[in-house]
Amino acid sequence: MSVKSYRKTFGPVCGVIGAQWGDEGKGKIVDILAEEYDIVARANGGANAGHTIVVDGVKHVFRILPSGSLHESAHIVLGSGMVMHLPTLLEEIALLRKHGIDVVERLHISREAHILFDFHKEIDAAMEERRSKASGEGIGTTKRGIGPAYMDKAARTGLRMESLGSDVKAALQQRSSWVKDAFGVSIDVENEVRQLVEAQNILESCVTDTVGYLHGALDQRKSVIIEGAQATLLDIDHGTYPYVTSSSTTLAGALQGLGIAPKCVTSCIGVAKAYCTRVGSGPFPAEADVKTAERLRERGGEYGSVTKRPRRTGWLSIDDLNFSARLNGITHWNITKLDVLDTEKVIPVWVNGERAEMSGWDTSTHGITDWKALPEQARAYVESIAKQTGIPVSFVGTGQGRDEMVVCS
Ligand code: GDP
Ligand code: IMO
Ligand code: MG
């Protein structure tokens with residue numbers, strides 16, 4: 001694949017979906033692809049996502065905005081399936097402006113997306129505490145209010161972006177006593193309203209019918225990158241319930257969250273680490289022993305970009321990749337963070353529920369961009385993923401930087 005033919009290879013509607021428990025490196029590949037695409041879209045979740053990209057040594061962490069936002073030619077869509085904490089979004093916008101990047105002019109926020117209030121975050125924390133007290137273990141949420149905001153959406157008591165500009169004080173006051181009774185949380189109505197007014201001042205012109213906008217763009221043969229958030233094994237229906245997030249994280253979920261029909265999709269890039277991590281509680285059959293887990297964590301910088309929590313680390317499960325491939329219709333893999341395995345002598349891999357072992361390469365792959373320059377064992381490792389999943393590997397990550405990537409032909 002020539003470096004400038006992504007649009008041709010992946011077609012006009014390309015999904016980028018995490019195949020494990022998140023933090024696979026979705027942000028980096030979206031940033032790379034977005035240069036050639038007209039629109040980058042987020043469809044689900046909110047500020048529980050932390051997508052880190054490194055460009056010319058500068059680190060950018062995206063939470064609500066998609067990672068493709070750095071490309072000034074890209075229009076940005078925040079879809080109906082999202083839950084939006086507006087002060088966080090304003091912070092992100094202000095931070096990008098400091099780097100000389102303006103997004104407001106090209107930002108399209110769904111009027112159907114739900115507003116995530118500060119009180120949702122407080123409910124999240126209160127529920128985690130209750131779960132911990134009751135069973136000794138919470139879900140380990142990011143405490144960004146995600147579950148409670150989706151609770152309100154499903155209960156049809158939520159407020160949506162279309163409410164920006166209307167008087168929501170009475171609605172919040174009405175919720176107040178119920179929230180206090182149910183969760184022991186007080187809603188600071190004045191503060192919530194003040195934050196909405198601040199958001200309205202900056203974002204009012206961005207709130208729109210994003211479904212109509214996307215359909216119009218597709219009619220004009222514009223191209224869209226769908227940036228998945230969270231990942232397949234955290235999906236509310238298909239993940240490791242109850243240790244999941246509260247949205248649909250698959251490609252199908254993303255299409256629902258954007259209002260794009262499945263028949264429009266031209267490709268789906270599955271993003272998977274060459275090993276595996278998980279933040280929060282829940283099963284992780286291929287989790288490494290404490291010492292090995294620590295080594296992988298330090299080499300991979302495996303600390304949450306949102307919460308800074310140490311990520312649990314372990315080995316690649318081909319079974320999980322095959323499951324994700326089936327659920328999402330993955331057409332290409334991006335295997336990330338190969339360089340993190342550079343010092344491993346032997347690399348365990350889970351296949352058909354059993355532990356197998358591959359040879360390590362014990363030499364640096366950091367920054368390699370040419371497939372042939374990878375050590376033989378590293379190529380064998382990547383090739384075995386392609387073989388065992390029946391899906392080609394199109395990208396192999398060898399470092400954090402935008403350019404530290406092998407693009408396979
Ligand atoms: P996302 O949530 O899927 O976008 O992933 P995160 O950004 O939360 O976590 C991935 C981390 O790995 C980030 O710090 C990236 O900069 C980093 N990263 C991505 N690809 C590579 C790679 O190939 N090698 C190394 N060493 N780091 C990478
Ligand atoms: P990105 O987009 C990794 C995990 C949390 C917790 C569970 C529920 O960066 O890959 P939530 O706050 O969503 O109610 O938490 O889901 N989780 C993530 N783990 N990456 C993420 O996003 C995550 N978003 C949520 O750690 O276990
Ligand atoms: Mg992340």
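Is G50 buried or exposed? In this predicted model, G50 is buried, at a relative accessible area of 9%.

G50 is worth starting with, as it leads straight to the metal. The magnesium ion (ligand 3) takes its protein donors from D23 (OD) and G50 (O), at 2.0 to 2.2 Å. These two sit 27 residues apart, so to speak in separate parts of the chain: D23 belongs to the loop between β1 (13-18) and α2 (26-34), while G50 belongs to the loop between β2 (39-42) and β3 (51-55). D23 is partly exposed, with a relative accessible area of 21%.

Now for another loop residue. T142 lies between α4 (118-135) and α5 (146-155). Leaving out residues up to four places away in sequence, T142 touches N48, T307 and R309. T142 counts as buried because its relative accessible area, 18%, is under the 20% cut-off.

Here are the three loop residues side by side:

| Residue | Relative accessible area | Class |
|---|---|---|
| G50 | 9% | buried |
| T142 | 18% | buried |
| D23 | 21% | partly exposed |

Over to the helices. α11 (residues 318-328) packs on α12 (residues 376-389) at an angle of about 50°, and their axes are 10 Å apart. That makes the two helices oblique to each other, and α11 passes α12 in a right-handed crossing. On the α11 side, the contact comes from I318, L321 and N322; α12 brings I385, Q388 and T389. By type, the contact residues split into three nonpolar and three polar, with no charged ones.

Key:
Residues are numbered from 1 along each chain as its sequence is written. Chains are lettered from A and ligands numbered from 1 in the order in which they are written. This is a predicted model: local features need pLDDT of at least 70, side-chain atom pairs count only at pLDDT 80 or more; totals for chains, interfaces and linings use all residues. Side-chain values use heavy atoms; hydrogens and water are left out. Axes are lines fitted to C-alpha atoms, for helices over the stretch in contact, and angles run from 0 to 180 degrees between N-to-C directions. Helices (H or I, at least four residues) and strands (E, at least two) are DSSP runs, numbered from the N terminus. Angles under 35 degrees count as roughly parallel, over 145 as roughly antiparallel, 65 to 115 as roughly perpendicular and the rest as oblique. A crossing is left-handed if the near helix is turned anticlockwise from the far one by less than a right angle, and right-handed if clockwise. Contact means heavy atoms within 4.5 Å. Ala, Val, Leu, Ile, Met, Phe, Trp, Tyr, Cys and Pro count as nonpolar, Asp, Glu, Lys and Arg as charged, and the others, Gly among them, as polar. Donors are N, O and S atoms within 2.8 Å of the metal (3.2 Å for Na, K and Ca); water is not among the atoms, so sites may look incomplete. Buried means under 20% relative accessible area, exposed over 50%, partly exposed in between (1.4 Å probe, protein chains only).
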